[in-house]
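Student: I would like to take a close look at one single part of this protein. Could you walk me through its surroundings, and then set it against the protein as a whole?

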Amino acid sequence: MSAGDDSPRVVALAGGVGGAKLAHGLALTGLGERLSVVVNTGDDFTLYGLHISPDLDTVLYTLGGLANPETGWGVAGDTLITHEMLGEYGIETWFMLGDKDLATHILRTERLRNGDSLSEIMGDLAQGLGINARLLPMTDDPVATKLATDAGLLDFQEYFVRRRHGDDVHRIEFDGIDAARLPEPVGAALDSADVIVICPSNPFVSVDPILAVPGLRERMLASPAPVVAVSPIIGGAAVKGPAAQMLASLGHDVSAAGVAAYYREFVDVMVIDTVDKNLAGDVEALGMTVAVTDTLMQSDADRRALAAFTLEVGRSQRLARAG
Ligand code: FO1
């Protein structure tokens, strides 16, 4: 369905399950191809010779209505027959690849080997699943998130999956980021956006890598679009994943206000959950506008409602700017 010309052009920065859920909510508001989702690729890695892009695939499957509802990642109802056979051979199988999921990795790996870009590949996969939104990798160049912990410098999936993100993180690096080029579709989407949404993703390993792509942050700040962020922290805890633990070990306040403080240089409006409405004053004291609503997404209706709220907040911020 192509969106009407009156609907806003939206760029959403997303990574992980929470990010994919709000990106899905934005798509459910009927934005069609006026929604561009810029996705973190710092979690990408090679397994069994296959190029795995966990955050891109989580957004792909979620917008395609295929995502496993329990985990948020992987394909609903997928089987693990190949996974089990690998185990038969004594191969370490701590990273579970479903049989349907493998189709994505096989196709992506073959096309990368043929010289296609990650952007081209993901665009075709999205089209194949009937997705109108544009699925845009933050870069087509290799970037690998690494985490400095007491157990040493860990690759992302080693930290996140194998060690169940149990280690305290003291520093985070994005290997390859200095050479990462900004894809023109990402720059162009930021330039022409009416609103830019920072999805409720992990600030450190989902949002930061995207903003670290040379030129991306500058294009976002130069864009006339207001930047609206949804807090991934509700009531001092992360909905999913290590965001709260990372806020603590990296020295930030473990709250929606702590996330707001972390985002204050580039976010105009901070959307926080109703349970955190007592923090609204703290967020405003940072010089940010605050908006309070229910941000826990437990259904498609929740996703759509939060997306609509976020777009409305962005619209009124844009009107306020216009004066
Ligand atoms: N997360 C896990 O905790 N265990 C897994 O075995 C696992 C497999 C997996 C396969 C494909 C995929 O796209 C994601 C997968 N994830 C798994 C999630 C993944 O580690 C995270 O979604 C991101 O890397 C961080 O958001």
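**A close look at S231**

Tutor: Of the 323 residues of the protein, 52% count as buried, and S231 belongs on that side of the division: its relative accessible area is 4%, and it is therefore counted as buried, the cut-off being under 20%. Please keep in mind throughout that this is a predicted model.

In the chain, S231 sits in the loop that joins strand 10 (227–230) to strand 11 (233–234). A polar atom of the S231 side chain lies 2.8 Å from the backbone oxygen of I233, a residue that itself belongs to strand 11. Once the neighbours within four places in sequence are left aside, the residues in contact with S231 are P200, A256, V259, M270, V271 and I272.

Turning from this residue to the whole, the protein has 13 helices and 14 strands, and, among the contacts with a separation of 6 or more, 69% are between residues 24 or more positions apart. The radius of gyration is 19 Å, which agrees with the value near 20 Å that a compact globule of 323 residues would have, while the C-alpha atoms fill a box of roughly 65 × 45 × 40 Å along the principal axes. About 13700 Å² of the protein is exposed, and carbon and sulfur atoms supply 52% of that area. As for charge, there are 24 positive and 44 negative charges, and their mean positions are 3 Å apart.

Technical notes: Residues are numbered from 1 along each chain as its sequence is written. This is a predicted model: local features need pLDDT of at least 70, side-chain atom pairs count only at pLDDT 80 or more; totals for chains, interfaces and linings use all residues. Side-chain values use heavy atoms; hydrogens and water are left out. Helices (H or I, at least four residues) and strands (E, at least two) are DSSP runs, numbered from the N terminus. The radius of gyration is taken over C-alpha atoms; the globule rule is 2.2 Å times the number of residues to the power 0.38. Buried means under 20% relative accessible area, exposed over 50%, partly exposed in between (1.4 Å probe, protein chains only). Contact means heavy atoms within 4.5 Å. Accessible areas come from the Shrake-Rupley method with a 1.4 Å probe; for residues, only the protein chains shown count as cover. Lys and Arg count as positive and Asp and Glu as negative; His and the chain ends are not counted. The place of a charge is taken as NZ of Lys, CZ of Arg, CG of Asp or CD of Glu. A polar contact is a pair of N or O atoms within 3.5 Å; within protein, one must be able to donate a hydrogen and the other to accept it, and residues adjacent in sequence count only if both atoms are side-chain atoms.
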